[in-house]
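Dear colleague,

Please find below the structure that I am passing on to you, together with its sequence. My findings are set out after it.

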Amino acid sequence: MGTTTVTRADLADLSAQFRGEVLCPGDPGYEQHRHVWNGAIDRRPAVVARCAGVADVMAAVRLARETGLTVAVRGGGHSFPGLSTCDDGIVVDLSLMKGTRVDLGTRTVRAQGGVLLGELDRETQAFGTAVPSGIVTHTGIAGLTLGGGIGWLTRRHGLTLDRLVAVDVVTADGSLVRASETENHDLFWGVRGGGGNFGVVTEFEYRLADVGPTVLAGPVFWPVGQTREVLRFYREWIAGAPEDLGTVVVHRRAPALPTIPTELHGRHVTAVMVCWAGNPDAGERVVAPLRRVGTPLLDLCFPKPYVTHQATFDPSFPPGRHYYFRSCDLGPLTDDVIDIFAEQAPLIRSPLSSFNYFHTGDGAPSRVDADATAFPGRHVSHTVNINGNAFTADDHGPEREWVHRLFDALAPHAVGAYTNFLMTEGEERVRRAYGERRYRRLQGLKTRYDPDNLFHLNQNVVPA
Ligand code: FAD
């Protein structure tokens, strides 16, 4: 892939039939739409095909196939390593495809590939329902679902991909297929965890869960010096906790947000962020012991609309900053891991950088048969994110180095990796993330659906 033989005539043909927009360098809108969320990624595609519907996606994929253009597929554009854009190729951009329809009769929702998490929540919460997803509302449902989807509701309602009923996929030959438990079952297995390896998913159909609209949620903050005490309590508290309890622990310097008193801005803090998915009164009883640990600096855990809580992290991850990232999965927190976290937390330099870990263990994901989907991480306890962030490329070096130091310290304790949290780390890391048996099965599927590896800008499964 990647030998470009696209001509002006090819692009004129594409434009003539396209319902969306075909943007080439120099066109109005090209500059805006060539960018992705991560400002550290600066690529110049030959064409950004802003698809308005399935027919546009099929046309764009066929053009790529016929010309040899490199293909990048963009849902929400939030791939950390920038896999939804490329130099000199074609971006199949679904961001205009926002159709969303809740069906209360079947308790399902259909959403097109360009929908963002906050947009899906907006539609589903109107009926007191939700699809469990991630924790930043401007992330795309597409990439998130295809790799897993972990967030506040994971323990109670499962991974995002566990809620899938069916998907529509444009495959490498440009045709549309539907995959579900009863149609193209092997493809349905693969898209649930195998990322964008098998084609462009134009529509997702999910089973809804009853959620909120009010949840007991928010962070409790402690001074960084109390990290060990907080984490030792946290470890016991979450062991056997009801599945309604979703938590993320965050270590950072307190952000300058209106909800945080100015005297705390910039101070190193450890926060346990809570989302109780059930009745808020029952949640109060579960959360009460957490509030009594050490001397909290600030307690913002109270009943609020689910959609408000979903947006808590949004101001910390705006588009355009320079982001760098490493991640691993952990088992239950050991004393050694707690020591690493407690030692590293005060070393965070930039107010933009942080590390956090989602608790996903002992909940709905682990009740699903490990072979039912391609997702590998059903039995991990925590998924760690280490974010080294900066306003500009000039400030980014030290943050990236810090990310690697913490990542290396955790490496002996890692039990796996979540593919949606990988950078471009090579085939071996992808293979290890899936495990040999699962990777081979994915390879077989890739060989069948995309033998030429047209869709290779992803956590790539190389055809056998
Ligand atoms: P894109 O950059 O558009 O795509 C990512 C990958 O998926 C690319 O390889 C792309 O080609 C492929 N892809 C995109 N759309 C399609 C499609 N329609 N069909 C086929 N392939 C497609 N993950 C979690 O699980 N939980 C979280 O809480 C969470 N929070 C995050 C917060 C931020 C700020 C960011 C940047 C990421 C977060 N993630 C989280 C990780 C997220 O799941 C991945 O980055 C995911 O790939 C983003 O999906 P996207 O559609 O926005 O990305």
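The notes that follow concern a pair of helices and the internal cavities.

Please bear in mind that this is a predicted model.

I begin with the helix pair. Helix α14 spans residues 427-434 and helix α15 spans residues 436-449. Their axes come within 6 Å and cross at roughly 110°. Since angles of 65 to 115 degrees count as roughly perpendicular, α14 is therefore described as roughly perpendicular to α15. On the α14 side, the contact is made by E427, V430, R431 and Y434, which meet E436, R438, Y439, L442 and Q443 of α15. Sorted by class, this contact holds four nonpolar, one polar and four charged residues.

Immediately after α14 comes G435, which has a positive phi near 85°. Within α14, the buried residues are R429, V430, R431, A433 and Y434. The packing partners of these buried residues are β17 (322-330), α13 (396-410) and α15.

Turning to the interior, the count of cavities of 30 Å³ or more comes to three. The second largest cavity encloses about 80 Å³ of space. Its lining is formed by I150, L159, D329, T360, P365, F375, G377, R378, V380, T383 and Y418. By class, six residues of the lining of this second largest cavity are nonpolar, three are polar and two are charged.

With kind regards

Conventions:
Residues are numbered from 1 along each chain as its sequence is written. This is a predicted model: local features need pLDDT of at least 70, side-chain atom pairs count only at pLDDT 80 or more; totals for chains, interfaces and linings use all residues. Side-chain values use heavy atoms; hydrogens and water are left out. On a 1 Å grid over the protein atoms alone, a cavity is a set of points where a 1.4 Å probe fits but cannot get out, and a pocket is an open set with protein on both sides within 12 Å along at least five of seven lines; lining residues have an atom within 4 Å of a point. Grid points are joined across faces, edges and corners, and a volume is the space filled by probe spheres set on the points. Ala, Val, Leu, Ile, Met, Phe, Trp, Tyr, Cys and Pro count as nonpolar, Asp, Glu, Lys and Arg as charged, and the others, Gly among them, as polar. Axes are lines fitted to C-alpha atoms, for helices over the stretch in contact, and angles run from 0 to 180 degrees between N-to-C directions. Helices (H or I, at least four residues) and strands (E, at least two) are DSSP runs, numbered from the N terminus. Angles under 35 degrees count as roughly parallel, over 145 as roughly antiparallel, 65 to 115 as roughly perpendicular and the rest as oblique. Contact means heavy atoms within 4.5 Å. Buried means under 20% relative accessible area, exposed over 50%, partly exposed in between (1.4 Å probe, protein chains only).
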